[in-house]
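Trainee: I would like to learn how to read a protein structure step by step. Could we go through one together?

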Amino acid sequence: MDQDIVMRARVQLLSANQRVVRGTEGLRIYRLLTRVEPEVYGSKLAYVLVEASFSALVRNLPEQRLALLDEAVTVASALDAGNPYRARVLAKALAARRELEGRQAE
């Protein structure tokens, strides 16, 4: 992994001055940083993926929403069982996925 890209992502994260960076910028940053430090950034990536699945950009695109939620479940499931955020983000991702599947079945 290119360390310059990782450093830029970390700087963007710090300069955002937010607890969690949301939207497409957050997805880009957390996807990159999760590859480097999954236990540190994975829970935030899963959280932002779930949020993104409810955004206006994909609200009427069930396949894209499902892809985001599947990614969130995969990322959250990969976190160590001792990670304090694992259970919460995994439950949130699974609940959102069930809700979406329920709507598609109607």
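Mentor: Gladly; we will start with the whole chain of this predicted model and then visit a few residues.

Trainee: How many helices and how many strands are there in the protein?

Mentor: Going from the N terminus, the elements run α-α-α-α-α. Each α in that row stands for a helix, and the count of strands is zero. The tally of helices is five.

Trainee: Why can the protein be called as compact as a globular protein of its length?

Mentor: For 106 residues the globule rule gives 13 Å. The protein is as compact as a globular protein of that length because its radius of gyration is close to that value, at 14 Å.

Trainee: What does the C-alpha trace span along its principal axes?

Mentor: Here we follow the C-alpha trace along the principal axes of the protein. The spans are about 45 × 30 × 25 Å.

Trainee: What share of the contacts with a separation of 6 or more comes from residues 24 or more positions apart?

Mentor: Take the contacts in the protein whose partners have a separation of 6 or more. Then pick out those whose partners are 24 or more positions apart. Their share is 52%.

Trainee: Which atoms supply 54% of the area that the protein exposes, and what share of the residues is buried?

Mentor: The protein exposes about 6,600 Å², and 54% of that comes from carbon and sulfur atoms. As for the residues, there are 106 of them, and the share that counts as buried is 35%.

Trainee: How far apart do the centres of the positive and negative side chains lie?

Mentor: The protein has 16 positive side chains and 13 negative ones. Each set has its own centre, and the distance between the two centres is 5 Å.

Trainee: Is Ser53 buried or exposed?

Mentor: Ser53 lies in helix H3, which covers residues 38-53. Leaving aside neighbours within four places in sequence, Ser53 is in contact with Val58, Arg65, Leu68 and Leu69. Its relative accessibility is 0%, and the cut-off for buried is under 20%. Ser53 is therefore buried.

Trainee: Which residue has its backbone oxygen 2.6 Å from a polar atom of the side chain of Ser53?

Mentor: We need a backbone oxygen on one side and a polar side-chain atom of Ser53 on the other. With 2.6 Å between them, the pair is within the 3.5 Å limit for a polar contact. The residue that offers the oxygen is Val50.

Trainee: Which residues does Ala46 contact beyond four places in sequence?

Mentor: Ala46 is also found in helix H3, and at 0% relative accessibility Ala46 counts as buried. Setting aside neighbours within four places in sequence, the contacts of Ala46 are Ala72, Val75, Ala76 and Val89.

Trainee: Which backbone oxygens lie 2.6 Å and 3.3 Å from a polar atom of the side chain of Thr34?

Mentor: Thr34 belongs to helix H2, residues 23-36, and is buried at 13% relative accessible area. Without residues up to four places away, Thr34 touches Tyr41, Gly42 and Leu45. The oxygen at 3.3 Å is that of Tyr41. The oxygen at 2.6 Å is that of Tyr30.

Trainee: How far apart in space are Lys92 and Glu51?

Mentor: Lys92 sits in helix H5, residues 86-105, and is partly exposed at 39%. Beyond four places in sequence, Lys92 is in contact with Tyr47 and Val50. Along the chain Lys92 and Glu51 are 41 residues apart, while their C-alpha atoms are separated by 9.9 Å.

Trainee: How far apart in space are Ala91 and Ala76?

Mentor: Ala91 also has its place in helix H5. With a relative accessible area of 42%, Ala91 is partly exposed. Ala91 and Ala76 are 15 residues apart in sequence, and from C-alpha to C-alpha the distance is 9.0 Å.

Terms used: Residues are numbered from 1 along each chain as its sequence is written. This is a predicted model: local features need pLDDT of at least 70, side-chain atom pairs count only at pLDDT 80 or more; totals for chains, interfaces and linings use all residues. Side-chain values use heavy atoms; hydrogens and water are left out. Helices (H or I, at least four residues) and strands (E, at least two) are DSSP runs, numbered from the N terminus. The radius of gyration is taken over C-alpha atoms; the globule rule is 2.2 Å times the number of residues to the power 0.38. Buried means under 20% relative accessible area, exposed over 50%, partly exposed in between (1.4 Å probe, protein chains only). Contact means heavy atoms within 4.5 Å. Accessible areas come from the Shrake-Rupley method with a 1.4 Å probe; for residues, only the protein chains shown count as cover. Lys and Arg count as positive and Asp and Glu as negative; His and the chain ends are not counted. The place of a charge is taken as NZ of Lys, CZ of Arg, CG of Asp or CD of Glu. A polar contact is a pair of N or O atoms within 3.5 Å; within protein, one must be able to donate a hydrogen and the other to accept it, and residues adjacent in sequence count only if both atoms are side-chain atoms.
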